[in-house]
Amino acid sequence: MHYSDLVQRTAALSEGRHVIYEMPEGRVEIRNIGVGNPQLSARPEFRLYLFLDGREMQPRHSDFFCDYLLKIETRPDLHLPLTEACEQVCNGTAPTGVMTAKRLPRKFAETGESTWSMQTSMYANGGLPTELFLCGLQGLLRVYELNHWLDNSPEAFRQVFLKLEKGQPYVDVVRDLFPLVRPEKRYFDRMERCVKA
């Protein structure tokens, strides 16, 4: 689904689990965990969860960029198509359509004789399956928007992918995506960050 469809689908999420994508490799889920602490913010908090091989993961933005760099390292020939696919997902295109248009493989590496000696299974299989990676990225953009962590999260993520493609240092690039203080957070001096709803 396109990002605009996802926005309409997740405009009013009740508390609990909401499955966004269900696929053979796993699923993408957004959870409304409600108000965690009324002293911090009166707004509900949303979190992204990925399910893969019976495991539940709660990835951060840095996990997606590490996975992106791992995929590029595993398959350097797909560097440009993967970067363009990530950029298009950030621009609002449907992740599954981008994957087929760019002819990206379902997995960037297969476990076997050539990869059995690698230290972690992440390196042996090239990170997350591609479809789960792209759909999870779209879900993360929506979670950032629902939580008001950035003013324009899709554009901020797109800029990070472009900077990583140009070879800028990872630590400097990802620093731009640190979440802002949540809206309506109460400070000791009673100042608040205001956000238009």
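These are my notebook entries on aromatic rings and the charges over them in a predicted model.

Entry 1, ring pairs. I looked up the aromatic pairs and found 6 in the structure. I started with Phe65 and Phe157. Their ring centres are 5.7 Å apart and the planes meet at 25°; planes under 30 degrees apart count as stacked, so I logged this pair as stacked. I then checked where the two residues sit. Phe65 belongs to helix H2 (residues 61-74) and Phe157 to helix H7 (residues 153-165), so I noted a link between distant parts of the chain, 92 residues apart.

Entry 2, a second partner for Phe157. I looked up Tyr144 against Phe157 and read 5.2 Å between the ring centres, with the planes at 85°. An angle over 60 counts as edge-to-face, so I entered the pair under that heading. Tyr144 is in helix H6 (residues 130-147) and Phe157 in helix H7, so this pair ties together parts 13 residues apart in sequence.

Entry 3, burial. Are these residues buried or exposed? I found both Phe65 and Phe157 buried. Phe157 has 0% relative accessibility. Tyr144 has 2% and is also counted as buried, because the limit is under 20%.

Entry 4, the cluster. I listed the members of one aromatic cluster: Phe65, Tyr68, Tyr144, Trp149, Phe157 and Phe161.

Entry 5, charges over rings. I looked up Arg31 and found it over the face of Tyr49, 3.7 Å from the ring centre. For Lys71, I noted its charged end over the ring of Phe133, at 5.3 Å from the centre.

Conventions. Residues numbered from 1 in each chain as written. Predicted model: local features only at pLDDT ≥ 70, side-chain atom pairs only at ≥ 80, totals over all residues. Heavy atoms only, no water. Phe/Tyr/Trp six-rings, centres within 6.5 Å; stacked < 30°, edge-to-face > 60°. Helix = DSSP H or I, 4+ residues; strand = E, 2+ residues; numbered from the N terminus. Buried < 20%, exposed > 50% of the residue type's maximum accessible area, 1.4 Å probe, protein only. Lys NZ or Arg CZ within 6 Å of the ring centre and 35° of its normal.
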